[in-house]
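Biologist: I'm new to this one, so please keep it relaxed. I'd like a close look at just the ligand and its surroundings.

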Amino acid sequence: MVDVQISVRDIIDPSVIQVMKKIPRDRFVLEKHRDLAYSDQALPIGKSQTISQPYVVAFMTQALDLKSSSRVLEIGSGSGYQTAVLASIAQSVYSIEVIQSLLDRARSVLSSLNFTNIHTKCSDGRQGWKEHAPFDRIIVTAASEDIPPALLDQLANNGKMIIPIGRQHWSQDLVLISKQGKRIIKEKLLPVRFVPLVKKTSEKI
Ligand code: SAH
């Protein structure tokens with residue numbers, strides 16, 4: 001997967017390449033899709049959600065420029081695959097998922113892989129996780145029409161956030177946001193298509 005889909009594209013950060021080789025993506029996909037676990041595509045994980053394409057996971061991780069000291073907030077745990085990639089490089093990951101059953105499954109896979117630096121909760125990620133803010137890095141893995149204000153507030157000075165911005169069911173742009181004091185710098189990186197970031201807690205989904 002890494003040789004054919006990641007390294008031949010524009011992923012050059014050695015720590016990202018190493019981690020993409022190490023994390024077993026087959027553990028994060030549904031049993032019935034296991035034979036497709038290392039294919040170049042997003043896959044359904046139930047509840048109309050998807051595990052992201054491996055290349056997009058690598059691209060977003062590289063764009064965040066993680067340090068071993070980074071504290072990361074992730075919105076949209078989904079399968080937990082991106083969470084595992086982040087937690088293998090950064091100091092700690094705080095991951096929020098709005099669908100309880102997906103979070104339960106992600107938690108059990110992540111604990112079976114012995115991660116101890118991942119903290120999760122079921123709630124609306126648009127509100128962030130104030131008790132643990134500020135975060136050095138924020139990654140949103142569902143598409144939003146705007147930059148949720150709480151997330152921008154909870155981003156540390158000199159922090160970076162990556163988020164797909166655009167209308168639901170349309171192509172969105174992955175936007176990298178850097179916070180430098182009062183200056184907010186936005187850079188469009190890649191056209192993408194993510195499931196929508198929902199606006200309300202819907203634990204019964
Ligand atoms: N990174 C995940 C991608 C999952 S898809 C993976 O590769 O597996 C996006 C996820 O965002 C879905 O699981 C969806 O339920 C979740 N989500 C959507 N809106 C949300 C919100 N407001 N707060 C938290 N999670 C949300």
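Modeller: Let's start right at the ligand: 24 residues surround it, and the closest are Ser 79, Glu 97, Asp 124, Gly 125 and Val 198 (near means a heavy atom within 4 Å). Keep in mind that this is a predicted model, with local features needing pLDDT of at least 70 and side-chain atom pairs pLDDT 80 or more, while totals for chains, interfaces and linings use all residues. Numbering runs from 1 along each chain as its sequence is written, and side-chain values use heavy atoms, leaving out hydrogens and water.

By class, those surrounding residues split into 11 nonpolar, 11 polar and 2 charged (Ala, Val, Leu, Ile, Met, Phe, Trp, Tyr, Cys and Pro are nonpolar, Asp, Glu, Lys and Arg charged, the others, Gly included, polar).

Now for the polar contacts (N or O pairs within 3.5 Å). Ser 79 reaches out with its side chain, placing a polar atom 2.6 Å from an oxygen atom of the ligand. Ser 52 uses its backbone instead, with an N or O atom 3.0 Å from a ligand oxygen. Over at Val 98, a polar backbone atom is 3.3 Å from a nitrogen atom of the ligand. As for cover, the ligand taken alone exposes 580 Å², and the protein buries 99% of that (Shrake-Rupley areas, 1.4 Å probe).

Where does the ligand sit? You'll find it in the largest pocket (more than half of its atoms lie within 2 Å of the pocket's grid points). The elements giving two or more residues to the shell around the ligand are β2 and β4, and β2 gives the most, with 3 residues (DSSP runs: helices are H or I of at least four residues, strands E of at least two, numbered from the N terminus).

Stepping back to the pocket itself, its volume is about 670 Å³. A pocket is an open set of points on a 1 Å grid over the protein atoms alone, with protein on both sides within 12 Å along at least five of seven lines; a cavity is a set where a 1.4 Å probe fits but cannot get out, and lining residues have an atom within 4 Å of a point. Its lining holds 41 residues, and Thr 50, Thr 141, Ala 142, Phe 194 and Val 195 lie nearest the centre. β2 (49-51), α3 (54-64), β3 (71-75), α4 (81-89), β4 (92-97) and β9 (183-192) each give two or more residues to that lining. Sorted by class, the lining of this pocket comes to 21 nonpolar, 15 polar and 5 charged residues.

One of those elements, α3, also turns up at the largest cavity, where α2 (14-22) and α3 give two or more residues each to the lining. Asp 13, Ser 15, Val 16, Thr 61, Gln 62, Asp 65, Leu 66 and Ile 89 line this cavity, which divide into 3 nonpolar, 3 polar and 2 charged. Asp 65 is worth a look too: it lies in the loop between α3 and β3, and has a positive phi of about 50° although it is not a glycine. Most residues other than glycine have a negative phi.

Notes: Points joined across faces, edges and corners; volume = space filled by probe spheres on them. Polar contact = N/O pair within 3.5 Å; in protein donor to acceptor, adjacent residues only side chain to side chain.
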